[in-house]
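Student: I have a protein model open in front of me and would like to learn how to read it. Could you walk me through it?

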Amino acid sequence: MISNIIYTRSVVLTVVLLGMCSIAQSQAGDTWEKALQQKRVANQPTFKIANPDYKISPHTGMTREHWKQMALYLLKGAFSYIGDIDDPMQFPKEPGKSYPREALQVPTEKLEGLSRTLFIAAPLLKEDSNLVLNNVRVADYYRHQILNLLNPKSESYIKPQEKNGGPSQILVEFGALAVSLFYAPEVLFDPLTKEQKDLLAHTMLSYGDGKTVPSNWKFFNIFILSFFKDKGYEVNEKLLVEYLDKSLEHYRGAGWYNDNPAYDYYSMWAFQMYGPLWAEYFGKKYYPEYAQKFLKNFDDLKKEYPYMFGRDGKMIVWGRSMTYRIGAIVPFALMGLQNDPAVNYGWMRRIASGVMKQFVTHPDFMKNNVPTLGVYGSFEPAVQPYSCRGSVYWMGKAFFALMLPKDSPFWTATENDGAWENEMKKGEVVNHFADSSNILITDYPNIGASEIRAWCKVKLIGAWETFRASENYNRLSYNSVFPWQADSVDGVVSMNYLVKNQKNEWESLRLYDFKKFEQGIYYRNAVLETNPDIKLNLADIPLANGILRVDKISSPVATEIRLGHYALPRLKKDIITTRRKVKGKEVVIIDNGVYQLAMVNYQGWSRVYDVNTKRVHPESEQSSVINTATSVIAGKEQTCITLMLWKRSGQRWSDDELLPLKKVEKVEGAIKIQLYKQPTQLIK
């Protein structure tokens, strides 16, 4: 299956790059880590927002100048490895599954470092072409390194692709390079000689005018073909139009593109970045009808995307390539290309700056002057094998915001909390359901959190892209306040079910089928991969302070099941556990000094308990989660009713908050739920 290329790209590239690596290079690659060790310098201090402006940005204090400072901070870290103009953009590998895992993968690693750090450098060079870092003139460095790609005598040489060659990571990085060439041609392309330009066009077009992967990868071909057409070169316009059409076919409505097969943050922000950027740089001039289609889809994003972020701007940890982090804010900045009176630019910048602060100012974000592979710090469960250390600079696309002039409304509007201020009310929940993708976005005004429930139906057994069946995708829901905890501790789970399978192993749910969203209830069916006869009918009901779950479980064999709440990291003090009985129902509450989580066993569980865990949470070494457990009787359907609740630390729980259920009864095979001060709901 062609999408397997994404997962195995470093393996495939080993074959692709064989012609690029001499025996001498291979031997040199064995010592690449030692050389990098020698280059390491003292770590940069954590980024601080100097002279915050709380007049224009009352929530974050951040202005356009602070964004520039963040860009410079990240680029300075990268250039701490550049002693002279010939040094490649190569960084210390982190332990774990990331590549390079052998010397033959090193050239690709270098290419990624070059093309991706250029996302940060290009906007800075656009404003200051004389920028110098670590005694190296940055513009000269990137032009020199681009020319090295064309020089057969250079260790960075990229051989033009053979006719009918298959897609590879080189296509991705050349597509990235084309975006930066569009961004700052006067610095990166125009100074080249005609011979150099022709050779660059020949090499890049050999990849762009070729096969691709049926995902967002088509945009890499599109940008390569489009850039060189704009510069007067003859390109395969038939293929360009074909890939434009196929990219538009990925659109599913409500702002969502499907990235074949998944939906995640990346499937939205990547597609919804490339489309408008292409329209701005190229499409409006050459293919206005296609530009209009991408921009129309972008209009849909404006209505939905802001609700996927918490009130404080924090983004949800969900899906692959979380190492790109701040890249997810690009669509907010691109809204600034249009003076759209319907857009609340102060809210858009508030979210975008909130995400920037969430990650770049985190003390664990940088290691050895380079962003870590993970979420905040290094976090192996969130890393995919196709990433190298330099891959993280894909996040540099966030700084496309700097293409907006200083007087853009994106920069000049006063920060505000948008819908959190004027639409959402305490004591309520706000749901946004996309009926084409079956994705539910829920916002909780009481705590300022956003939450998402999305597609996941990928088998783990025999899969190439195993991460698509992992915690990155298989959670019952994902929350901006409570990032997911990994399933690395046997028999312990967070925001999912575990079932004891026939091998006596604990197996997470990952095969879900969406059923319907009706009267505020999100229905899914799920089966266990190793035994599809073990079935769960799931119903999620978002409440003001959490989630009510009404789940039916049936199995032809006796087994055990467990259900987990979100997890809490240990922060400045120990996590405190409290146990209560409310109207005869068992309640466990954990409190880490910032938030509380409560789990109520209303029906169906034999016990509810807290578990302390280590090295499975992205925010801290130690964490805690509440689980429930029971045995399943063969051939007998069981109904489990569970409350998963939350509050800020220090807030008191009333009995009615912990047990908002007034009445529960069975009605002709359905469950009738009566909540206090709410209409009766029938769970079918």
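Tutor: We will go from the whole chain down to single strands and one loop residue. This is a predicted model, so a word on its rules: local features need pLDDT of at least 70, side-chain atom pairs count only at pLDDT 80 or more, and totals for chains, interfaces and linings use all residues. Residues are numbered from 1 along each chain as its sequence is written, and side-chain values use heavy atoms, with hydrogens and water left out.

Student: What radius of gyration does the chain have, and what would a compact globule have?

Tutor: The radius is taken over C-alpha atoms, and the globule rule is 2.2 Å times the number of residues to the power 0.38. For 684 residues a compact globule would come out near 26 Å, and the chain agrees, with 26 Å. Its C-alpha trace spans about 80 × 55 × 50 Å along the principal axes.

Student: How much of the chain is buried?

Tutor: Buried means under 20% relative accessible area, exposed over 50%, and partly exposed in between, with a 1.4 Å probe and protein chains only. By that rule, 63% of the 684 residues are buried.

Student: How many helices and strands are there?

Tutor: Helices (H or I, at least four residues) and strands (E, at least two) are DSSP runs, numbered from the N terminus. The chain has 19 helices and 26 strands.

Student: Let's take a helix. How many residues of helix 7 are buried?

Tutor: A general idea helps: an α-helix has 3.6 residues a turn, so residues three or four places apart point the same way. Helix 7 (residues 138-148) is mostly covered, with 8 of its 11 residues buried. Among them are Tyr 141, Tyr 142 and Arg 143.

Student: And sheets? In which order do strands 7, 8, 9 and 10 lie?

Tutor: Strands of a sheet pair through backbone hydrogen bonds, either parallel or antiparallel. In the records used here, two strands pair if DSSP finds at least two bridges between them. These 4 strands form an open sheet in the order 7-8-9-10, with antiparallel pairing. Strand 7 (430-434) and strand 10 (478-479) are at the edges with a single partner strand each, so one side of each has no neighbour in the sheet. Inside the sheet, 5 bridges join strand 8 (residues 439-444) to strand 9 (residues 449-453), and Asp 443 stands opposite Ser 450.

Student: Which strands pair with strand 22?

Tutor: Strand 17 (residues 559-569) is joined to strand 22 by 9 antiparallel bridges, and Pro 569 stands opposite Ser 623. Strand 21 (residues 607-614) also pairs with strand 22 in the antiparallel sense, over 8 bridges. Strand 22 (residues 622-632) has 9 of its 11 residues buried, so it is largely enclosed by the rest of the structure.

Student: What should I look for in a hairpin?

Tutor: Look at the turn. Strand 18 and strand 19 have 2 residues between them, and Lys 583 takes a positive phi near 50 degrees. The hairpin of strand 19 and strand 20 has 3 residues between the strands, and Gly 593 in the turn has a positive phi of about 90 degrees.

Student: Last one: is Ala 544 buried or exposed?

Tutor: Ala 544 has 18% relative accessibility and therefore counts as buried. It is found in the loop between strand 15 (531-543) and strand 16 (546-554). Contact means heavy atoms within 4.5 Å; leaving aside neighbours within four places in sequence, Ala 544 is in contact with residues including Gly 427 and Tyr 444. Ala 544 and Gly 427 are 117 residues apart in sequence, yet 5.2 Å apart in space, C-alpha to C-alpha.
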